[in-house]
Amino acid sequence: MFSAFVNAFKIKELRKKIFFTAGVIVLCRIAANIPCPGVDTKNLKTYFDSFGADSAAGQFMGMFDLFSGGALQQFAIGALGIMPYISASIIMQLLVPVVPSLEKLSREGEVGRGRINQYTRYLTILICIVQGAMAAVAMGNPSNLGLPAPDPAAPLVTNPGLGFILMSVCILTAGTMILVWLGERITEHGIGNGVSIIITINIIERLPQALVGLYEMMVSGATAGGTRFRLVHLLILFMLFVAVTALTVILTQGQRRIPIQMAKKIVGSKMTGGSTYIPLKVNFPGVMPIIFAGAILIFPGILLRAIPVPSIQRLSVYFGHDTYTYMVCYSLLILIFSYFWVANMFNPLQVADNLKKEGAYIPGIRPGKPTSDFLDFSMTRVTFAGALFLLGLAVIPMLLYKWFKIPYNVASFFGGTSLLIIVGVTIDTLSQMESHLVMRNYDGFLKRGRLRSRRG
């Protein structure tokens with residue numbers, strides 16, 4: 001595998017792509033470390049350190065800070081990160097099957113997809129304006145969004161007001177759109193999917209801090225599950241990380257292959273058709289159910305605390321990040337959103353119709369509605385297995401935090417959104433590099449088989 005990395009730099013075209021991608025990543029990290037004008041970064045850091053990751057405020061801020069690579073904690077020009085574009089893309093993906101005009105555009109090839117991409121950018125700007133305004137208002141007075149109020153002697157903004165809000169909205173919107181543009185340049189001239197790589201780098205940025213946290217636990221003699229944290233516990237965590245990562249790779253790459261038989265025909269001088277298969281992804285929705293579930297469960301605790309009735313405010317403790325009530329709700333939402341995403345993105349009727357038009361069929365299954373029913377039944381079972389696997393990965397960090405008192409910034413790398421994104425994007429990028437290597441008669445990263453892209 002290491003020789004494959006060495007060989008990658010021997011190919012001039014691939015070497016240029018790698019260096020270009022690395023250069024753009026550096027620019028993205030610079031954008032995450034330049035604060036917006038008018039913000040007192042010292043007071044802001046003190047404010048962020050005042051509440052833990054397990055609190056409702058910590059969950060609210062951590063959800064957005066995850067994809068910005070720490071830029072939100074400095075209120076940098078890239079504080080919104082690339083998440084508004086991801087949100088806009090998800091909304092457009094959900095609207096395409098529902099809105100007839102968008103569905104028609106999606107079938108018009110490159111021109112239609114270009115129009116949809118343009119609409120996605122417009123929606124991104126709208127989301128940036130809304131989120132940027134909320135972030136600017138929160139900097140001036142966090143209590144307006146249900147967050148803890150800062151120390152009056154240490155204001156977060158030197159001159160709060162409408163001018164600061166308008167200026168911040170413009171800067172944050174421009175910062176996000178520049179990141180989107182840089183991501184598209186990576187996709188076009190670099191290696192891998194640019195937007196996904198930027199998100200992954202922002203997540204990995206927290207890894208050194210997590211490693212320092214583990215080291216401090218071992219040096220300070222902190223307790224983990226009632227026992228003093230020692231070197232043996234560090235080794236156990238390392239083995240657990242390897243095991244969870246391996247299971248995540250299996251989940252990401254897993255698929256059920258539905259055999260299909262295609263009529264043989266001659267196209268040019270080649271004969272096409274014969275036996276092939278339809279791959280049904282075990283984790284078809286990817287990381288989306290975890291993101292949706294986490295985003296929804298941020299708000300109940302905040303909303304309950306905002307109601308000025310003590311008996312209702314006490315219910316907010318059941319939505320703490322380390323409570324079993326939260327974990328159960330989280331797991332149920334992941335199951336629900338897994339099926340919701342598959343129902344919107346996978347159309348068995350359309351697949352069956354396409355097979356019929358191409359003269360293909362599933363052995364033992366009649367074309368048309370029987371084929372559609374079979375695909376729907378198969379996808380339902382595969383999705384159930386994938387959703388169970390997914391919720392297991394999502395809950396592991398919470399259990400490590402609750403049972404063994406592992407800091408949440410460390411535990412988050414043992415599953416959930418962080419690990420799924422890192423593994424998925426790494427596999428996609430390596431699969432592209434492997435394609436370049438194999439095309440030029442070099443060995444790939446694996447001695448047996450090939451890395452499969454998530455889009456494959």
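# A guided tour, starting at Phe75

Start by selecting phenylalanine 75, which sits in the loop that links helix 5 (71-74) to helix 6 (83-95). Bear in mind as you click around that this is a predicted model. Phenylalanine 75 is not a glycine, and yet its phi is positive, at about 50 degrees. Is this residue buried or exposed? Phenylalanine 75 is buried, with a relative accessible area of 0%.

**Zoom out**

Now show the whole chain as a cartoon. You should find 19 helices and five strands. Of the 456 residues in the chain, 45% are buried. Take the contacts with a separation of 6 or more: 71% of them come from residues 24 or more positions apart. Switch on a surface and you are viewing about 23,300 Å² of exposed area, with carbon and sulfur atoms supplying 67% of it.

**Helix 10, on the inside**

Next, select residues 194-204, which make up helix 10. Why is this helix described as largely enclosed by the rest of the structure? Because nine of its 11 residues are buried. To light them up, pick Gly194, Val195, Ser196, Ile197, Ile198, Ile199, Thr200, Asn202 and Ile203. What do they pack against? Colour helix 2 (12-31), helix 6, helix 9 (162-189), helix 11 (207-220) and helix 19 (416-439), and you have the partners of those buried residues.

**Two nonpolar cores**

Stay inside for a moment. Nonpolar side chains tend to be buried together in soluble globular proteins. Here the largest nonpolar core has 61 residues. Which of its members touch the most others? Select Ile82, Ile290, Tyr330, Ile334 and Ile406 to see them. Another core, of 17 residues, lies apart from that one, and its members include Tyr47, Phe48, Cys128 and Met139.

While Cys128 is selected, check its surroundings: cysteine 128 counts as buried, at 0% relative accessibility. Then jump to cysteine 329, which counts as partly exposed at 26%. How many disulfides does the structure hold? Zero, so don't spend time hunting for one, given that a disulfide needs two cysteine sulfur atoms within 2.5 Å.

**Helix 12, two views**

Move on to helix 12, residues 231-253, and pick valine 244 within it. Valine 244 is buried, with 4% relative accessible area. Which residues does it touch, beyond its neighbours within four places in sequence? Show Leu393, Ile396, Phe414, Gly415 and Leu419, and you have its contacts. Try a distance label on one of these pairs: valine 244 and glycine 415 are 171 residues apart in sequence, but 7.0 Å apart in space from C-alpha to C-alpha.

Now go to isoleucine 236, also found in helix 12. Isoleucine 236 counts as partly exposed, at 46% relative accessibility. Together with Val232, Phe238, Met239, Phe241 and Val242, isoleucine 236 makes a nonpolar surface patch of about 570 Å².

**Salt bridges along helices**

For the last leg, show charged side chains as sticks. Side chains of opposite charge can pair when their charged atoms come close. How many salt bridges does the structure hold? There are seven, and three of the pairs are worth a visit.

- Glutamate 110 and arginine 113: their side chains meet in a salt bridge, at 2.9 Å from N to O. Both are in helix 8 (residues 109-140), three residues apart, which is about one turn of the helix. Glutamate 110 is exposed at 62%, whereas arginine 113 is partly exposed at 41%.
- Aspartate 353 and lysine 357: the closest N and O atoms of this salt bridge are 3.3 Å apart. The two are separated by about one helical turn because they are four residues apart in helix 16 (residues 348-357). Lysine 357 is exposed, with 66% relative accessible area, while aspartate 353 is partly exposed, with 35%.
- Lysine 369 and aspartate 373: this salt bridge spans 3.0 Å from N to O. Its two residues are four apart in helix 17 (residues 369-404), so about one helical turn separates them. Lysine 369 counts as exposed at 58%, and aspartate 373 as partly exposed at 40%.

What do such spacings have to do with pairing along a helix? An α-helix has 3.6 residues a turn, so residues three or four places apart point the same way.

Notes:
Residues numbered from 1 in each chain as written. Predicted model: local features only at pLDDT ≥ 70, side-chain atom pairs only at ≥ 80, totals over all residues. Heavy atoms only, no water. Buried < 20%, exposed > 50% of the residue type's maximum accessible area, 1.4 Å probe, protein only. Contact = heavy atoms within 4.5 Å. Core = buried A, V, L, I, M, F, W, Y, C linked by side-chain atoms within 4.5 Å. Salt bridge = Lys/Arg side-chain N within 4 Å of Asp/Glu carboxyl O. Patch = residues over 30% accessible without salt bridge, like charges linked within 9 Å, V, L, I, M, F, W, Y side chains within 5 Å. Areas by Shrake-Rupley, 256 points an atom, 1.4 Å probe, with all protein chains shown as cover.
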